[in-house]
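Student: I should like to learn how to read the features of a protein model in order. May we begin with a single strand and its partners?

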Amino acid sequence: MSSERSPLAHVLFARNRAPRAWKNGSGTTTDVAASPADYLLDDFLWRVSIATVDAPVQLSTYEDVDRWIVPMGRGGIDIAERGRFTRRVRRFAVHEFSTEDGVRLSRVGTPGPVLSLMVRRGVGMGTVRVREVAGRLQVSGDVGTTLVVVLDGTVVTEGGVALAAEDALQLAPAEVAVLGGQAQVAVVRVRPPNFAI
């Protein structure tokens, strides 16, 4: 996975990612970051990815994996679990579920990207929080892995690196990123399983 260094953080540009097929073959995705980076089909410990969804589709199932998704396209998506409508997830909202539940995206507003975090149970604790950048936002790296993924708009680091939608920063523990601009970003964290919030 190709990336670049800024004076502030590890920059992961969307343009450097290669698509890979979904486990169930129903679509493609690109990995923002994963552990291990060279995982095969489903032997990851955790994975952050972005897929473009343009029609109703069944999501892949995994054993002992929890998942968070964030629709980035206008109109959001509808979620059906085990064949029944569950809820409408608006744009930039976070929805968490177990991947064993047979989740289907049953309605798509405007076709667009969907951010996804998957974490294997017992390996780590995942969180996804959407934040608005309205001029300035400070984000600190945490124990484990911290990623800042741009959902919409543009942000600029203190080092002058511009990030557009689907670009990301990976922060080391205790590292601080100060972002300027106008944007929506997702702060994705994967902490050790015994970490106390």
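**Strand β14 and its partners**

Tutor: Strand β14 and strand β16 (residues 168-171) run antiparallel and are joined by four bridges. Strands are DSSP runs of E with at least two residues, just as helices are runs of H or I with at least four residues, and both are numbered from the N terminus. Two strands count as paired if DSSP finds at least two bridges between them. One position in this pairing is Val149, which stands opposite Ala168 in β16.

Student: Before we continue, on what basis are such statements made?

Tutor: This is a predicted model, in which local features need pLDDT of at least 70 and side-chain atom pairs count only at pLDDT 80 or more, while totals for chains, interfaces and linings use all residues. Residues are numbered from 1 along each chain as its sequence is written, and side-chain values use heavy atoms, with hydrogens and water left out.

Student: How many bridges join β14 to strand β17?

Tutor: Strands of a sheet pair through backbone hydrogen bonds, in either a parallel or an antiparallel sense. Here, β14 (residues 145-157) and β17 (residues 176-191) run antiparallel and are joined by 12 bridges. Within that pairing, Thr146 stands opposite Arg189 in β17.

Student: Which residue stands opposite Val155 in β15?

Tutor: That residue is Leu163. Strand β15 (residues 162-163) runs antiparallel to β14, and two bridges join them. The two strands form a hairpin with four residues between them, and Gly160 in the turn has a positive phi of about 85 degrees.

Student: What is known of Gly159 in the loop between β14 and β15?

Tutor: Gly159 counts as partly exposed because its relative accessibility is 37%. The classes are these: buried is under 20% relative accessible area, exposed is over 50%, and partly exposed lies in between (1.4 Å probe, protein chains only). Gly159 is 18 residues from Ala177 in sequence, with 9.7 Å between their C-alpha atoms.

**An open sheet**

Student: In what order do the four strands of the open sheet stand?

Tutor: The order is β6-β11-β8-β9, with antiparallel pairing. The edges are taken by β6 (57-58) and β9 (84-89), each of which has a single partner strand, so one side of each lacks a neighbour in the sheet. Five bridges pair β8 (residues 77-81) with β9 in the antiparallel sense, and Ile79 has Arg87 in β9 as its bridge partner.

**Backbone exceptions**

Student: How should one read the sign of phi and the geometry of a peptide bond?

Tutor: Most residues other than glycine have a negative phi, and most peptide bonds are trans. In this model, a cis peptide bond joins Ser35 and Pro36, with omega about -5 degrees. Pro36 belongs to the loop between β4 (28-35) and β5 (46-53).

Student: Is Phe92 buried or exposed?

Tutor: Phe92 counts as buried because its relative accessibility is 17%. Although it is not a glycine, Phe92 has a positive phi, near 70 degrees. Its position is in the loop between β9 and β10 (95-98).

Student: Where is Glu166 placed?

Tutor: Glu166 is in the loop between β15 and β16. Its phi is also positive, near 85 degrees, in a residue other than glycine. Glu166 counts as partly exposed, since its relative accessibility is 23%.

**The whole chain**

Student: How many helices and strands does the protein have?

Tutor: The protein has zero helices and 17 strands. Its C-alpha trace spans about 45 × 35 × 30 Å along the principal axes.

Student: Why is the radius of gyration said to agree with that of a compact globule?

Tutor: The radius is taken over C-alpha atoms, and the globule rule is 2.2 Å times the number of residues to the power 0.38. For 197 residues a compact globule would have a value near 16 Å, and the protein has 16 Å, so the two agree.

Student: What share of the residues counts as buried?

Tutor: Of the 197 residues, 48% count as buried. As for contacts (heavy atoms within 4.5 Å), residues 24 or more positions apart account for 68% of those with a separation of 6 or more.
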